[in-house]
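Me: I would like to go through this model step by step, with the reasoning spelled out for someone in a first year of study. Please begin once the structure is on display.

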Amino acid sequence: MATILRSPRFLYLWYAFQLLVVLLQTKVLCHQHKVGDLDAWGLPTSADPLVYAKWSKYNTFKIGDSLLFLYPPSQDSVIQVTKQSFESCNSTDPILYMNNGNSLFNITTNGNFYFTSGEAGHCQKKQKLYINVGNVSSADSPFYGPSSAPSYPTVFGSIPQPPSPSSSPSSTSVIIGAVIGSAISAIINGFM
């Protein structure tokens with residue numbers, strides 16, 4: 001039995017098991033957000049003209065996340081613009097132009113990001129999106145005017161809030177897992 005536990009094959013399996021334990025203790029720290037959820041990327045309806053303003057308000061974005069814009073490529077596009085172009089609906093000089101119908105924008109830095117449709121007239125009809133990454137000053141956030149959504153009393157309790165940054169897993173759990181795995185390995189190798 002002792003020779004089996006000291007064999008290189010067993011040690012490789014043991015280290016693979018330790019790596020698996022460490023990986024299981026960590027969570028994926030990025031998320032792909034489908035812009036507009038079920039509504040996808042298109043002209044807002046008259047029933048919900050501020051769909052994208054509401055959507056971005058109820059989502060939390062961080063570095064590593066991505067935005068997925070889904071739309072018919074023959075009918076729409078997405079452009080990233082400056083704050084000034086966003087507010088004036090100027091689409092003549094975009095920072096980024098995407099038109100394949102399955103556009104993915106990777107968030108790589110903190111800051112404010114502004115997107116509109118690249119189709120003429122769509123921005124004026126509120127097909128535009130502002131997101132804030134990393135709690136950058138909200139003084140730059142655009143004003144959409146009063147919400148047209150009615151306010152209802154909360155009957156079934158409070159609305160759950162997204163997790164706070166302090167509750168996110170840290171590298172401490174990975175380090176603890178590695179230390180525990182190494183200690184178990186040392187104990188097994190020491191006794192065999």
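Reply: This is a predicted model, and a good place to begin is Q127, which lies in the loop between β6 and β7.

Me: Is Q127 buried or exposed?

Reply: A residue is called buried if its relative accessible area is under 20%. For Q127 the relative accessibility is 0%, so this loop residue counts as buried.

Me: With which side chain does the side chain of Q127 make a polar contact?

Reply: Leaving aside residues up to four places away in sequence, Q127 touches several others, among them W41, Y52, D76, T116 and H122. A polar contact needs a pair of N or O atoms within 3.5 Å. At 2.6 Å, the side chain that makes such a contact with the side chain of Q127 is that of D76.

Me: Which residue of β7 stands opposite T116?

Reply: T116 is one of the residues that Q127 touches, and β6, the strand that covers residues 111-117, pairs with β7 in the antiparallel sense over six bridges. Within β7, which covers 128-133, the residue opposite T116 is K128.

Me: Over the ring of which residue does the charged end of K128 sit?

Reply: A charge is said to sit over a ring if, among other conditions, NZ of Lys is within 6 Å of the ring centre. The charged end of K128 is 4.6 Å from the centre of the ring in question, and that ring belongs to F86.

Me: Which strands stand at the edges of the sheet with the order β4-β3-β6-β7?

Reply: This is an open sheet of four strands with antiparallel pairing, and its neighbouring strands are turned by 20° against each other on average, direction ignored. An edge strand has a single partner, so one side of it is left without a neighbour in the sheet, and the strands in that position are β4 (96-98) and β7 (128-133).

Me: What is the average twist from one strand to the next in the open sheet of three strands?

Reply: The sheet of three strands has the order β1-β2-β5 and mixed pairing, with β1 (32-34) and β5 as edge strands that each pair on one side only. Within this sheet, β1 and β2 pair in the parallel sense over three bridges, and Q32 stands opposite S66 in β2. From one strand to the next, the twist averages 25°.

Me: How many residues apart in sequence are the parts that the pair of F69 and F115 ties together?

Reply: The structure holds eight aromatic pairs, and one of them is formed by F69 and F115, which is tilted, with 5.3 Å centre to centre and 50° between the planes. F69 lies in strand β2 and F115 in strand β6, so the pair ties together parts whose separation in sequence is 46 residues.

Me: What is the arrangement of the rings of F105 and F115?

Reply: A pair of aromatic rings is described by the distance of the centres and the angle of the planes. The centres of the F105 and F115 rings are 4.9 Å apart and their planes stand at 75°. Planes over 60 degrees apart fall into one class, so the pair of F105 and F115 is edge-to-face.

Me: What is the relative accessible area of F105?

Reply: F105 lies in strand β5 (residues 102-106), and together with W41, Y52, F69, F113 and F115 it forms one aromatic cluster. Its partner F115 counts as buried at 0% relative accessibility. F105 is buried too, with a relative accessible area of 9%.

Note on methods
Residues numbered from 1 in each chain as written. Predicted model: local features only at pLDDT ≥ 70, side-chain atom pairs only at ≥ 80, totals over all residues. Heavy atoms only, no water. Phe/Tyr/Trp six-rings, centres within 6.5 Å; stacked < 30°, edge-to-face > 60°. Helix = DSSP H or I, 4+ residues; strand = E, 2+ residues; numbered from the N terminus. Buried < 20%, exposed > 50% of the residue type's maximum accessible area, 1.4 Å probe, protein only. Lys NZ or Arg CZ within 6 Å of the ring centre and 35° of its normal. Pairing = 2+ DSSP bridges. Axes fitted to C-alpha atoms, helices over the stretch in contact; angles between N-to-C directions. Polar contact = N/O pair within 3.5 Å; in protein donor to acceptor, adjacent residues only side chain to side chain. Contact = heavy atoms within 4.5 Å.
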